[in-house]
Amino acid sequence: MAADYTLIVGAKRNPAVDFSLLLGEDEILVEVESETEEDVRPLITVTPDDTGLVISDISIIETTEEIGGKSVEPNKAIQFRATAVTAGEYTIEIKVKTNSVPYQEPITRVLMDVID
């Protein structure tokens, strides 16, 4: 599968990820803060590890934004900062929670290549 993003070692980028196709019409993403990291949302994990691709500044986008040529409504996408440290292929898994009752936990994956 082709990478969704390609970065050169040392580069920083602010990718945005659209969840609108995974959400109901009135459903939005919500932030969850917790004392235990596994309960925090949005939650991003990187494989094979997070030392070669550092993720920070994770947030829900609260304004209408164009992502992938499509206008995405507020609170239906997230953005994060990716810093490329070591060349390799990385899978970024993103877990979020929604305002539905009971809440939903959509998950998506983004592929990122870091090259020298």
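What follows is a walk through a predicted model, from its nonpolar cores to one of its sheets and then to a patch on its surface.

In soluble globular proteins, nonpolar side chains tend to be buried together. In this model the largest nonpolar core holds 22 residues, and those touching the most other members are F19, L53, I55, I78, F80, I92 and I94. Two or more residues of this core come from each of strand 1 (5-8), strand 5 (43-47), strand 6 (53-60), strand 9 (77-84), strand 10 (88-95) and strand 12 (107-115). Among these elements, strand 9 makes the greatest contribution, with four residues. Separate from this core there is a second one, made of five residues, with I61, I67, V72 and A77 included in its membership.

Several of the strands named above also meet in a sheet. Four strands, taken in the order 1-12-10-5, form an open sheet in which the pairing is mixed. Because strand 1 and strand 5 stand at the edges, where each has a single partner strand, one side of each is left without a neighbour in the sheet. From one strand to the next, the twist averages 25°. At the edge formed by strand 5, the pairing with strand 10 is antiparallel and consists of five bridges, and within the pairing of these strands T47 is placed opposite T91 of strand 10.

At the surface, I8, V9 and I115 make a nonpolar patch of about 230 Å². Of these residues, I8 belongs to strand 1, which is also one of the two edge strands of the sheet and one of the elements that give two or more residues to the largest core.

Conventions:
Residues are numbered from 1 along each chain as its sequence is written. This is a predicted model: local features need pLDDT of at least 70, side-chain atom pairs count only at pLDDT 80 or more; totals for chains, interfaces and linings use all residues. Side-chain values use heavy atoms; hydrogens and water are left out. A nonpolar core is a set of buried Ala, Val, Leu, Ile, Met, Phe, Trp, Tyr and Cys residues joined through side-chain atoms within 4.5 Å. Buried means under 20% relative accessible area, exposed over 50%, partly exposed in between (1.4 Å probe, protein chains only). Two strands pair if DSSP finds at least two bridges between them. Axes are lines fitted to C-alpha atoms, for helices over the stretch in contact, and angles run from 0 to 180 degrees between N-to-C directions. Patches are made of residues with over 30% relative accessible area and no salt bridge: like charges are joined within 9 Å, nonpolar side chains (Val, Leu, Ile, Met, Phe, Trp, Tyr) within 5 Å. Accessible areas come from the Shrake-Rupley method with a 1.4 Å probe; for residues, only the protein chains shown count as cover. A salt bridge is a side-chain nitrogen of Lys or Arg within 4 Å of a carboxyl oxygen of Asp or Glu.
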